[in-house]
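Please open the model in your viewer with a cartoon display, and keep a selection tool at hand. The stops below each name something to select and then describe what is found there.

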Amino acid sequence: MSTLTDTLTRYYGYTTFRPGQEMIIQAIIDGRDALGIMPTGGGKSLCYQIPALEMKGVTLVISPLISLMKDQVDGLLSMGVKAGFLTSQLSLDEQNQTIRQAIAGDLNLLYVSPERLMNEYFLSRLKRMNVNLIAVDEAHCISQWGHDFRPSYQAIPEVRNHCSTYPPFAAFTATATQKVQEDIINKLQLEKPYHYTASFDRPNLTFSIVHPKKKNTKLTELLKDKESSIIYCNTRRNVERVHTHLNKKGFNAAYYHAGLTAEERNQNQEDFLYDKSPIIVATNAFGMGIDKSNVRRVIHYNMPLDMESYYQEAGRAGRDGAPSEAILFYSSQDIITNNLLIEQGNHPHAKDNLNTIISYCKTGRCLRKTILEYFDEYPSYQSCDNCSNCNGEAELVDVTESCQKILSCIYRMNQQYGMGLVADVLRGKETTRIKSLSFDELSTHGLMKNVSETEIKDIIALMVSEQFLQVGGDQYPILTFTEKSVELLHAKHKLYMIKQQKETVKAKQTFSEEYDEKLFEELRTLRKEIAAEIGKPPFVVFTDKALMSMASQMPRSPEEFLAVHGVGEAKLEKYGDAFIDLISSYAK
Ligand code: ADP
Ligand code: MG
Ligand code: ZN
């Protein structure tokens, strides 16, 4: 066993490194700058934490969010690693004490926010610390091309000059675009960095596209009360509606959006972290800095605007490696809404980005392969067996003829109306509005009498996403022709749509061992009690995956307990007795 693997096992209780981790760690220990690109949940933290344990002195970790620092430090302390953080929320005394510890060499890791690097006093103290590494987490925040630019990150490059040791930089991000990567290298002035891009595949995630008749009903079917889930909605209003719905149905859910006060946000986020409310409904304002490892599913209630943010958000499920789900709900309404949003904005690539995610929703191919190809990875398999297209039965239907009917109806309505009215006319409705506009006299009135409204809207949305129609208008989304419309009208083009046979897809059990679910429940309860006692989130005590391993292996001695995935020496000492007792009495 190499010494690095030794350290991994002793502190973390893991037996093997993930691809790339060991090489990044070795490069850093050899004194090189490094850039690590790994998906969310891929295991970036370990790449700078292990060097921090292996080297003399202190590793400075720059991290954008206070909540994130606190959780990471909690996690490290529970594993027996000496770690601390500095934030403006601490008293001056507390801050000074942490700084003294770092100078005295009593800390392996010191987490700081980027703002701290502009503080003269801190910079003057930095000279007296033996800084062995500067780790920049969420390094894309330094790039204006990234989706999360933070001005305070501009202060990072200088900090190396304030250290008497001129330590290496190690930068980490889950953003894969070339531009952002180049920007990180340039802005941080990385010198011939060791550059590793990990596979973006997350094998323990089951990807599903669901096209529900009623989103709320589907949602309640998919959720399980005690299992942690994140539900992303596109607006604050939807967040509140879905939250109300879930509470009415008896789910214990919190919610989060930028319209809440800082206090409310903190409280709700904490309820979620501590599993007091295992479910949270949120806008995309929620998530960065949430390293909760036991999130079992991420559901997108509305279609996101691009693949990068989708994958980042979905990737918050299953960080602990246990089987988890990434489910995307879509409806034709989302497609129209997003198109309109983009028309009104002026982001140059927004349209392409949106079309990528629409194709993702519509494709009949393997979803995992589709995602990976977006990130320039080309797996050799055709089918991953772990996404709704590989598990379910997707069928392609030719909808060209319906498209022609729709186009000719829009044409006869003078291209001045939205999807709702077009669908009503085609279905032959005789509302006052339709009569007053004399649309009941059109030859296309009632032409699609036997087709459901949802289906007509879906076909329209498909035509919009394939640019056979466009959405415009200042207030209401109005459908008009594009240059390509005529091609479809004359059937020079054919259009196909995906039909899902089954609405639900069950997650494949990818946890390799069978485990006793009743014991798992009891272990979960014990974990929650211990967490409450020490005032930390439950996943800091043990991950879900560690509990599953316990429920499978049923360790009854300290040696057996230490062999469980995710049990290191510190945790054996702290929690070993309680868990071994429970397992022993359960076994009887
Ligand atoms: P991210 O890349 O998103 O920052 P984290 O560093 O938070 O990911 O790691 C995600 C999870 O994976 C954590 O629970 C971590 O303990 C776990 N992990 C990291 N490396 C390994 C490994 N080699 N073996 C098992 N689990 C690991
Ligand atoms: Mg991270
Ligand atoms: Zn697949």
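## Strands β2, β5 and β6

Begin by selecting Val-61, which stands opposite Ala-135 of strand β5. Bear in mind throughout that this is a predicted model. Widening the selection to strand β2, residues 58-62, shows the setting of that contact, for β2 and β5 pair in the parallel sense over five bridges. On β5, Ala-135 also stands opposite Ala-170 in β6, and the pairing of β5 with strand β6, residues 169-173, is again in the parallel sense, over three bridges. If you now colour β5 (residues 131-136) by accessibility, six of its six residues turn out to be buried, so the strand is largely enclosed by the rest of the structure.

## Strand β9 and its partners

Next, select residues 228-232, which make up strand β9, a mostly covered strand in which five of the five residues are buried. With side chains shown, Ser-228, Ile-230 and Tyr-232 point one way from β9, while Ser-229 and Ile-231 point the other way. Add strand β12, residues 295-300, and you will find that five bridges join it to β9, the two strands running parallel; within this pairing, Ile-230 stands opposite Val-298 of β12. Then add strand β11, residues 279-282, which pairs with β9 in the parallel sense over four bridges, and where Val-281 is the bridge partner of Ile-231.

Before leaving β9, pick out Ser-229, which counts as buried because its relative accessible area is 0%, under the 20% cut-off. A distance drawn from the C-alpha of Ser-229 to that of Cys-384 comes to 24 Å, for two residues that are 155 apart in sequence. Cys-384 leads on to the next stop.

## The zinc ion

Select the zinc ion (ligand 3) together with its protein donors, which are the SG atoms of Cys-366, Cys-384, Cys-387 and Cys-390, at 2.3 to 2.4 Å from the ion. The four donor atoms make angles of 99 to 120 degrees among themselves, and the site is tetrahedral. For comparison, the ideal angle for four tetrahedral donors is 109.5 degrees. Along the chain, the donor residues follow the spacing C-x17-C-x2-C-x2-C. Among these cysteines, Cys-384 and Cys-390 are buried.

## Aromatic rings and charges

Now display the aromatic side chains; the structure holds 17 aromatic pairs. One of them is formed by Tyr-311 and Phe-375, a tilted pair with 5.3 Å from centre to centre and 40 degrees between the planes. This pair links distant parts of the chain, 64 residues apart, with Tyr-311 in helix α12 (residues 307-314) and Phe-375 in the loop between α15 (367-374) and α16 (388-391). Both Tyr-311 and Phe-375 are buried. Extend the selection to Phe-200, Phe-207 and Tyr-374, and you will have the members of a cluster that ring pairs link together with Tyr-311 and Phe-375.

Two further rings deserve a selection for the lysines placed over them. The charged end of Lys-215 sits over the ring of Tyr-301, at 5.2 Å from its centre, and the charged end of Lys-292 sits over the ring of Phe-272, at 4.8 Å from its centre.

## Helices α14 and α20

For the last part of the tour, move to helix α14, residues 350-362, and select Ile-357 within it. Ile-357 counts as buried because its relative accessibility is 0%. From its C-alpha to that of Ile-478, 121 residues away along the chain, the separation is 22 Å.

Finally, select residues 453-465, which form helix α20; its 13 residues reach 18 Å from the first C-alpha to the last, close to the 18 Å expected at 1.5 Å a residue. Which residues of α20 are buried? They are Ile-456, Lys-457, Asp-458, Ile-459, Ile-460, Ala-461, Leu-462, Met-463, Val-464 and Ser-465, which is to say ten of the 13, leaving the helix mostly covered. Just after α20, stop at Gln-467, where the backbone takes a positive phi of about 60 degrees.

Methods. Residues are numbered from 1 along each chain as its sequence is written. Chains are lettered from A and ligands numbered from 1 in the order in which they are written. This is a predicted model: local features need pLDDT of at least 70, side-chain atom pairs count only at pLDDT 80 or more; totals for chains, interfaces and linings use all residues. Side-chain values use heavy atoms; hydrogens and water are left out. The expected span of a helix is 1.5 Å times one less than its number of residues. Buried means under 20% relative accessible area, exposed over 50%, partly exposed in between (1.4 Å probe, protein chains only). Two strands pair if DSSP finds at least two bridges between them. Donors are N, O and S atoms within 2.8 Å of the metal (3.2 Å for Na, K and Ca); water is not among the atoms, so sites may look incomplete. Four donors count as tetrahedral if all angles lie between 85 and 135 degrees; four count as square planar and six as octahedral if opposite donors are over 155 degrees apart and all others between 65 and 115; anything else is irregular. Rings of Phe, Tyr and Trp (its six-membered ring) pair if their centres lie within 6.5 Å; planes under 30 degrees apart count as stacked, over 60 as edge-to-face and the rest as tilted. A charge sits over a ring if NZ of Lys or CZ of Arg is within 6 Å of the ring centre and within 35 degrees of the ring normal.
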